[in-house]
Amino acid sequence: MNLKKFIWLLAFPLAFTSCEEDPITGCVDELALNYNAEAVEEAGCMFDPTTVLLKSDWLIESVTGDLGDTEIDLLLLTDLIPPCTHDNLFVFQSDNSVSMEDNIVLCEEGEQSIIDLSGTWTVDGSVLTIENGNDVYVLTISNLSSNSMDLLFDYPYNEAIDIPATIVLVAN
């Protein structure tokens, strides 16, 4: 085989290969701290909890507790938790006030949510603190995105037992 044919056989496949670059990966959520306007493939976003809390009103999607190896849906404990408790709309304001309002299922006369998360709020790192008079609720923010977050806390199941619990909030 002559040298010209050999070079042509080597170069021929290269003529049909594309010169596409790898897609740019990065955070594609504009609310994120590490938003990359050039990214086309999602690759992990980091959010400021304060910015996310103020972005939307929030609904409870679920509340679960861990009893050893068993996860329980705390919202099914209707003898302990009135149905209106898990139907609240949380509104965080820039003046650090937070209100908790009935959304669809209204609390009936004499019935109230198990905890009242109205009052004032602050965020320190991933810790959300809500103060309502003498009551102070300390919740750890986890799995934070622009549309949802988990709030981790110890649920006072009874006087002797606190259950590690998670409230999942979703943007309304």
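**Strands, core and cavity in a predicted model**

Leaving aside neighbours within four places in sequence, Pro164 is in contact with Thr64, Gly65, Asp66, Phe153 and Asp154. These contacts, like everything that follows, come from a predicted model. Pro164 has its place in strand β11. Is this proline buried, partly exposed or exposed? Its relative accessibility is 40%, and because the partly exposed class lies between 20% and 50%, Pro164 counts as partly exposed. The C-alpha atom of Pro164 is separated by 7.3 Å from that of Leu152, although the two residues are 12 residues apart along the chain.

It helps to step back to the whole chain. The protein chain holds two helices and 11 strands. Read from the N terminus on, its elements follow the order α-β-β-α-β-β-β-β-β-β-β-β-β. Of the 172 residues in the chain, 30% are buried. Among contacts with a separation of 6 or more, 39% are between residues 24 or more positions apart.

The strands β8, β9, β10 and β11 can be followed one pair at a time. Strands β8 and β9 run antiparallel and are joined by six bridges. Within this pair, Val127 stands opposite Thr140 of β9. The two strands form a hairpin with two residues between them, and Gly133 in the turn has a positive phi of about 65°.

Next comes the pairing of β9 with β10, also in the antiparallel sense, over three bridges. Here Thr140 appears again, with Leu152 in β10 as its bridge partner. Ile141, in turn, stands opposite Leu151 in β10. This hairpin has five residues between its strands, and Asn143 in the turn has a positive phi of about 50°. How many bridges link β10 to β11? The antiparallel pairing of β10 and β11 extends over nine bridges, and Asp150 stands opposite Val168 in β11. As a general point, the side chains in a regular strand alternate between the two faces of the sheet.

Attention now turns to the interior. The largest nonpolar core has 30 residues, and the members that touch the most others are Phe92 and Leu128. At least two residues of this core come from each of α2 (49-55), β3 (58-67), β5, β6 (97-102), β8, β9 (135-142), β10 (148-156) and β11. What does Leu128 touch, once residues up to four places away in sequence are set aside? The list consists of Leu53, Phe92, Trp121, Thr122, Val123, Tyr137, Val138, Leu139, Ile141 and Leu151. Phe92, which is in this list, is thus met a second time, and Leu151 is the residue seen above opposite Ile141.

The model also contains one cavity of 30 Å³ or more. The volume of the largest cavity is about 40 Å³. Which residues line the largest cavity? The lining is made of Phe90, Phe92, Leu117, Leu128, Ile130, Leu139, Leu151, Ile167 and Leu169. The elements that give two or more residues to this lining are β5 (88-92), β8 (127-132) and β11 (162-171). By class, the lining has nine nonpolar residues, with no polar and no charged ones. Phe92 and Leu128 therefore appear in two roles: they touch the most other members of the largest nonpolar core, and they help to line the largest cavity.

Technical notes. Residues numbered from 1 in each chain as written. Predicted model: local features only at pLDDT ≥ 70, side-chain atom pairs only at ≥ 80, totals over all residues. Heavy atoms only, no water. 1 Å grid on protein atoms, 1.4 Å probe; cavity = no way out; pocket = protein on both sides within 12 Å on 5 of 7 lines; lining within 4 Å. Points joined across faces, edges and corners; volume = space filled by probe spheres on them. Helix = DSSP H or I, 4+ residues; strand = E, 2+ residues; numbered from the N terminus. Nonpolar A, V, L, I, M, F, W, Y, C, P; charged D, E, K, R; others polar. Buried < 20%, exposed > 50% of the residue type's maximum accessible area, 1.4 Å probe, protein only. Contact = heavy atoms within 4.5 Å. Core = buried A, V, L, I, M, F, W, Y, C linked by side-chain atoms within 4.5 Å. Pairing = 2+ DSSP bridges.
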